[in-house]
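Colleague: Please take one part of this model and go through it closely, then follow its contacts outward into the rest of the fold.

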Amino acid sequence: MTAPPIVTPQEWAAAREALLVKEKELTRARDALAAERRRMPRLEVEKEYRFEGPDGPASLHDLFAGRSQLIVYRFFFEPGVAKWPESGCPGCSFMADQMGHVAHLNARDTTLVLASRAPQADIERYRTRMGWQVPWYTITDDFDADHGVDEWHGTNAFLRDGDRIYRTYFVSDRGDEGMGTTWSYLDITAFGRQEEWEDSPEGTPQTPPYQWWHLHDEYPGAA
């Protein structure tokens, strides 16, 4: 292994400052990309999709759980995949293992769910084994094929306006690697983080940063 050089504290600080310039450029570019993402055109979902959940049949509208935004991660868990039926896709499982607490997304009027083709009995067994809290539904029709995830994995974002639903964003493959935190999910939604510093379309709901943040069991209505 060819290791980097050993330097003095002053040299290390100088190298850190030089790298920080590039890191700040990346942060600003990421914020600008998120702002552009919030201005993407919307695709109305006109087809009726049906799922099975722990409480029975559900529509795409039901998956929102009364909120305005929905993020659906297509988890590759079905017959013929990986160590079925004991476990699902290793990458999807790794993804689910690093998902943050959904209470923070819920506080931003956003619901996160998983969706797979596995039956509910298998989903509940695996979910219980892994200790995952994210709601997990069974796909029963062409939802996955219609939204770019008939195989493998991917993340779709939707916006609800009354009874009308719009697809607002989609990311898959290596684009999913950075997902998992509350910020990464909010950054792919139509409303973003909903904080006042963001460059968002006029009328987007926004509040001051920090003030809306709470412990996950201290949000209004938290169980």
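Modeller: In this predicted model, the buried residues of H1 pack against S8. Those buried residues are Ala34, Ala35 and Arg37. Helix H1 covers residues 9-37, and at 1.5 Å a residue its 29 residues should span 42 Å; the end C-alpha atoms are 41 Å apart, which agrees.

Two other residues of H1 can be set beside the buried ones. Alanine 18 lies in H1 and is partly exposed, with a relative accessibility of 48%. Its C-alpha atom is separated by 42 Å from that of glycine 131, 113 residues apart along the chain. Glutamate 23 is also placed in helix H1; its relative accessible area of 34% makes glutamate 23 partly exposed. From the C-alpha atom of glutamate 23 to that of phenylalanine 77 the separation is 37 Å, with the two positions 54 residues apart in chain numbering.

On the strand side of this packing, threonine 168 belongs to S8, which comprises residues 164-172. Threonine 168 is buried, at a relative accessible area of 7%. Leaving out residues up to four places away in sequence, threonine 168 touches Met40, Arg42, Ala157, Phe158, Leu159 and Ala190.

S8 leads into the sheet. The sheet is open and has eight strands in the order S1-S8-S7-S4-S5-S6-S2-S3, with mixed pairing. Strand S1 (43-44) and strand S3 (56-59) are at the edges with a single partner strand each, so each has one side without a neighbour in the sheet. In that order S8 stands between S1 and S7.

Further along the order, strand S5 (residues 110-116) and strand S6 (residues 136-139) run parallel and are joined by three bridges. Leucine 114 has tryptophan 136 in S6 as its bridge partner. Helix H5 packs on the sheet here, touching strand S2 (50-53), S5 and S6, and the direction of H5 makes about 150 degrees with that of S6.

S6 also pairs with S2, in the antiparallel sense and over two bridges. In that pairing, glutamate 52 has threonine 138 of S6 as its bridge partner. The pairing of S2 with S3 is antiparallel as well, over four bridges. Glycine 53 stands opposite glycine 56 in S3, and the hairpin that joins S2 to S3 passes through two residues. In a regular strand the side chains alternate between the two faces of the sheet. The covered face of S2 has Phe51 and Gly53, while the uncovered face has Arg50 and Glu52. Glu52, the residue bridged to threonine 138, is therefore on the uncovered face of S2, as the alternation in a strand is split here into Phe51 and Gly53 against Arg50 and Glu52.

Helix H3 gives another view of packing around the sheet. In H3 (residues 90-97), the buried residues are Cys92, Ser93, Met95 and Ala96. Seen down the axis of H3, these buried residues fall within an arc of 155 degrees, so they line one face of the helix. An α-helix has 3.6 residues a turn, so residues three or four places apart point the same way. Pro90 and Phe94 are exposed, on the face of H3 turned away from its buried side. The partners of the buried residues of H3 are strand S4 (69-74), helix H5 (120-130) and helix H7 (182-186). H5 thus appears in both settings: in contact with the buried residues of H3, and packed on the sheet at S2, S5 and S6.

One of the buried residues of H3, Cys92, has another cysteine to compare with. Cysteine 92 counts as buried at 0% relative accessibility, and cysteine 89 does so at 8%. The sulfur of cysteine 89 is 3.5 Å from its closest cysteine sulfur, that of cysteine 92, which is too far for a bond. Cysteine 92 is accordingly in no disulfide, and a search of the whole structure finds zero disulfides.

How values were computed. Residues numbered from 1 in each chain as written. Predicted model: local features only at pLDDT ≥ 70, side-chain atom pairs only at ≥ 80, totals over all residues. Heavy atoms only, no water. Buried < 20%, exposed > 50% of the residue type's maximum accessible area, 1.4 Å probe, protein only. Arc of directions from axis to C-beta. Contact = heavy atoms within 4.5 Å. Pairing = 2+ DSSP bridges. Axes fitted to C-alpha atoms, helices over the stretch in contact; angles between N-to-C directions. Disulfide = S-S within 2.5 Å. Expected span 1.5 Å × (residues − 1).
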